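Open the model in a viewer and keep the selection panel at hand. The stops below go from a single residue pair out to the whole chain.

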Amino acid sequence: SLRISQRNCLMSEYKGMTPKAEKVVDLFLETMKTQYRFPNWVKSPQIQEGLGIAGVDVRSIVHHHRCHGILMLSGREGYSYTDNPKEAESTIRVLKQYSRSISDAVSGMEGAVNQAGKEDQGEFELDVRGESYIDEYL
């Protein structure tokens, strides 16, 4: 069964969106519901052109709606809307894979930072005196 959880989303109304994206967030959803209901798809460039927004705006609007429990699908075909939880399973699976991948990257970087903190800081200092300093030792 599909469980909608909003606890981890930025719930202040349009946090992280550009002013342009904020202005078209409702129009975007209405357009998706009426014209791009699964199995009809739309690619990001077409959305960008139609709404006069950038690709980052499309992604932030899709994220916003997903955080509010709207089933926005995404894939190679583009974006689509559904109200059928079964049709959303593939997108949910991909989002979970992204989440694990990002978590792994954060863990790796945190491990490197923690290890560097344990090492002698002198070994990690970067000399920024320029090429002439490097040339002295070549």
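Select Leu73 and Ser80: Ser80, in S2, is the bridge partner of Leu73. The coordinates come from a predicted model.

Next, widen the selection to residues 71-75, which make up strand S1, and residues 78-82, which make up strand S2. The two strands run antiparallel and are joined by five bridges. Now look at the connection between them: a hairpin of two residues leads from S1 to S2. With side chains displayed, keep in mind that in a regular strand they alternate between the two faces of the sheet.

Move on to residues 85-118, which are helix H4, and pick out Tyr98 within this helix. Is Tyr98 buried or exposed? Tyr98 has a relative accessible area of 53%, and because exposed means over 50%, Tyr98 counts as exposed.

Keep Tyr98 selected and add Val94, Leu95, Ile102 and Val106. Together these five residues form a nonpolar patch on the surface, with an accessible area of about 440 Å².

Finally, select the whole protein and colour by secondary structure. Five helices and two strands should appear. Followed from the N terminus, the order of elements is α-α-α-β-β-α-α.

Switch to a surface display. The accessible surface of the protein is about 10,100 Å², and carbon and sulfur atoms account for 52% of this area. How many of the residues are buried? The protein has 138 residues, and 25% of them count as buried.

For a last view, show the contacts between residues at least 6 apart in sequence: 61% of these join residues at least 24 apart.

Technical notes:
Residues numbered from 1 in each chain as written. Predicted model: local features only at pLDDT ≥ 70, side-chain atom pairs only at ≥ 80, totals over all residues. Heavy atoms only, no water. Patch = residues over 30% accessible without salt bridge, like charges linked within 9 Å, V, L, I, M, F, W, Y side chains within 5 Å. Areas by Shrake-Rupley, 256 points an atom, 1.4 Å probe, with all protein chains shown as cover. Salt bridge = Lys/Arg side-chain N within 4 Å of Asp/Glu carboxyl O. Helix = DSSP H or I, 4+ residues; strand = E, 2+ residues; numbered from the N terminus. Buried < 20%, exposed > 50% of the residue type's maximum accessible area, 1.4 Å probe, protein only. Pairing = 2+ DSSP bridges. Contact = heavy atoms within 4.5 Å.
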